[in-house]
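Trainee: I have a model open in front of me and would like some help reading it. Could we go through it feature by feature?

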Amino acid sequence: MTPLITGLKLWARAIILNAVVMGIGFIPVCNVFAIAVFFAILLGSIILTCPLIPAIGGLLWVYARLPYHTTDKFTWLLFVLIGITAGYYILFMYLFLPMLPAPLAVFIYGTSIAVAAAAFWTKSSIIQLNNYHYEQHLV
Amino acid sequence: MQNNRSVIFIVLSGAVLFNLLFWQEQLALNALLFDAFILGTLFYLHPAGGRNKTVQWLLPLHFLCLAMVIVHNTLLSQLALLTTLLLIAAFAEYAHRSAWFAGNSLLLSFILFIASFSHQVRITRTRERKPLAVGKFIRFSIIPLLIVLAFFIIYSLANSVFSGMVSRLGLQLQTFFSHLFELISFERILFLLLGFYFTGALLLRTRSRQLEQKEAGKTDDLQRKRKNRTGKTGNPFGGLTAGIMGRLARGAMALKNEYTTGLISLALLNVLLLVVNYIDIDYLWLHFTYTPDINLTAMIHEGTELLILSLVLAMIVLLFFFRGNLNFYTRNKWLKAGAYLWLVQNTLLVISVLIRDYYYIKLSGLAYKRIGVLFFLALVLFGLMTVFFKIVYKKTTYYLLRVNAWAVIFLLAAASAVDWDMTIARYNIAHSNKAPLDLPFLLSLSPRTLPLLEQNLPLLQQREKELELLGQHPWRCAGCIAEIISNKKQDYLHQQSGYSWLSWNYADEKTKNYFIAQQQVPGLKGK
């Protein structure tokens, strides 16, 4: 159990959930082709957000070392993860798009919800990582 | 720390107060009210903080900055106010001596605020009652909601009657939310969250004691360290010297070899600096006369920047050689002499930079950077003095950084006592016969200088004509400086009319009164 593996798990779940949420959102526009949109978003997310894996791993490394109760640490982790995701989104769009798209807030909200849901989905692994680190430093 | 329920109440109250005081206002009288709240609650939550010596002498400095915000309301005074407030909070909450460590602890407070606040909430909740099963409810509802949402969209697309029902319902909801957002704007909610984060991070300390423990191990006085078998002293520079000097950095003669390297380096640096100082003294101190063919900007800008860099590097060089056991080497007399000479020569260099800056101000007038150089030189002089003390009294780098950080903070607070924009405008206008006026720069200063500019309008118009005759056009229209000043005045008054009594400050009040007295501002009296 390492921060990087847990981080990878969290990242993978976040992009799957994000693609599902976005896919559902595209049903009114694309009908059955929303499935294609789902796969496109999934592939795009993998390529675009892979630089975040080490960042998430680093965050989990810090998380395991914080002198707080697991619940407090998890709340902190959720907040920072959402902050990083929103920041990454804005930075990416600012750098590569000529102007920020109008529904930017909708994208950020959608992804933030997906990230939060992925964190809850991976909660047991995160707590396991925390306990593992705690036991390692008991001696 | 007081009981958890009151902590939560204080942080939430602080967020609301922040929102009420600062929303669409400038930092002025409202800073006094918020400051009273923050300091009151800070000493209530951390009673030991009030007895801390550093906090006790930081408080007058902070009040000076606060007074300057209300009197001058400059950006510098606002920055100084924020810096001193953050430092008071850091020293009240943590056991530190150095501003560096205190700053880092406060940074940690800001990073970990959510965890600290969650800690307070969790303890309160576990004390009061069992947590509600809200979390369980949310978990059970996520998957069904997602499935229902997907089918809801499909049915609404497939069935036109259902779609009509949905769109009517959507319209009703849209009207409801638009009315709701008219009452509470999204930006205001974000501002409330900012206030919550700022107040909370300022008042709650983290549970980490790592930095306090680290600083507790630091001392002002240098102690001789015995090298271990690998030749390591734990100094970060140790590896660098060992890497360059190889086996000369190890063994019984290591210290002597390091001494020889230091002595040669300082001797060569002294000779080099002697040549530079000789040129400066001969040319700049004794025989400098300005002629138009001298590119003053290049000479002063480039020269000053490089000399400043060399002064900083000089201090780093001395810190490198006097970082450890060379301080205790019995035959280090010549190395110390070389270091003192190097310090004296660097002081001469400071004077040379000062003279350059003096000529620049004399021939081109005052500007932010030129004033900044004066402050920087004051800090460098202080830095050189502390390096001298470090060598004489065998002090640590920690001491040097600690003392110099206080010098920066003290100077920042002192600098906030002056309205620099007004000083620059006044000086440049008074010396316009010697230093030609830089009109675009003058008009870029604070709007509070507008009355002064208006009083000297004939002088500015004359300068504008001179520039136009030289083929230089500071702005698109010709001969329109009066119009530009008038537009700036209107913009300023329009901006001021949007503020309430919370943004009151003496400087703006004086400026507004000047314009009212001139009866140039219809409708302002009502504000």
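Mentor: Sure, we'll take the overall make-up, then the cores, the surface and the salt bridges. Keep in mind that this is a predicted model.

Trainee: Fine. How many helices and strands does chain B have?

Mentor: Chain B has 22 helices and 0 strands. Of its 527 residues, 44% are buried. Its accessible surface is about 29,600 Å², with 67% of that belonging to carbon and sulfur atoms.

Trainee: And what share of the contacts in chain B join residues at least 24 apart?

Mentor: Counting contacts between residues at least 6 apart in sequence, 77% join residues at least 24 apart.

Trainee: On to the inside. Which residues touch the most other members of the largest nonpolar core?

Mentor: A nonpolar core is a set of buried nonpolar residues joined through their side chains. The largest one here has 77 residues, and W76(A), L77(A), L81(A), F34(B) and F113(B) touch the most other members. Helix 4 of chain B, residues 75-93, gives this core its largest share, 9 residues. Apart from it there is another core of 30 residues, including M422(B), I424(B), I485(B) and F515(B).

Trainee: Take one of those. What does L77(A) touch?

Mentor: Leaving out residues up to four places away in sequence, L77(A) touches L59(A), L60(A), Y63(A) and I126(A).

Trainee: Now the outside. Which elements give two or more residues to the nonpolar patch?

Mentor: The patch is on the surface, with about 1,100 Å² of accessible area together, and its members include Y109(A), I113(A), F176(B) and L193(B). Helix 6 (104-121) of chain A gives two or more residues, as do helix 8 (160-183) and helix 9 (186-203) of chain B. Helix 8 of chain B makes the largest contribution, 5 residues. As for L193(B), you'll find this residue in helix 9 of chain B; L193(B) counts as partly exposed because its relative accessibility is 46%, and partly exposed runs between 20% and 50%.

Trainee: Next, charges. What is the idea behind a salt bridge, and how many salt bridges are there over all chains?

Mentor: Side chains of opposite charge can pair when their charged atoms come close. The count over all chains is 9 salt bridges. One of them joins K395(B) to D221(B), with the closest N and O atoms 2.9 Å apart. The two are 174 residues apart, K395(B) in the loop between helix 15 and helix 16 and D221(B) in the loop between helix 10 and helix 11 of chain B.

Trainee: Is K395(B) buried or exposed?

Mentor: Buried, because its relative accessible area is 17%. D221(B), at 41% relative accessibility, counts as partly exposed. D221(B) has another partner too: the side chain of T219(B) reaches the backbone oxygen of D221(B) at 3.0 Å.

Trainee: Which other salt bridges should I look up?

Mentor: Try R356(B) and D280(B), whose side chains meet at 3.4 Å, N to O. This pair links helix 14 to helix 12 of chain B, 76 residues apart. R356(B) is buried at 11% relative accessibility, and D280(B) is buried at 6%. S352(B), also in helix 14, touches D280(B), L284(B) and W285(B), not counting residues up to four places away. Then there are D508(B) and R448(B), paired at 2.9 Å, and both are buried.

Trainee: Which residues are linked in a network of salt bridges?

Mentor: R205(B), R209(B) and E212(B) are linked that way.

Note on methods: Residues are numbered from 1 along each chain as its sequence is written. Chains are lettered from A and ligands numbered from 1 in the order in which they are written. This is a predicted model: local features need pLDDT of at least 70, side-chain atom pairs count only at pLDDT 80 or more; totals for chains, interfaces and linings use all residues. Side-chain values use heavy atoms; hydrogens and water are left out. Patches are made of residues with over 30% relative accessible area and no salt bridge: like charges are joined within 9 Å, nonpolar side chains (Val, Leu, Ile, Met, Phe, Trp, Tyr) within 5 Å. Accessible areas come from the Shrake-Rupley method with a 1.4 Å probe; for residues, only the protein chains shown count as cover. A salt bridge is a side-chain nitrogen of Lys or Arg within 4 Å of a carboxyl oxygen of Asp or Glu. Helices (H or I, at least four residues) and strands (E, at least two) are DSSP runs, numbered from the N terminus. Buried means under 20% relative accessible area, exposed over 50%, partly exposed in between (1.4 Å probe, protein chains only). A polar contact is a pair of N or O atoms within 3.5 Å; within protein, one must be able to donate a hydrogen and the other to accept it, and residues adjacent in sequence count only if both atoms are side-chain atoms. A nonpolar core is a set of buried Ala, Val, Leu, Ile, Met, Phe, Trp, Tyr and Cys residues joined through side-chain atoms within 4.5 Å. Contact means heavy atoms within 4.5 Å.
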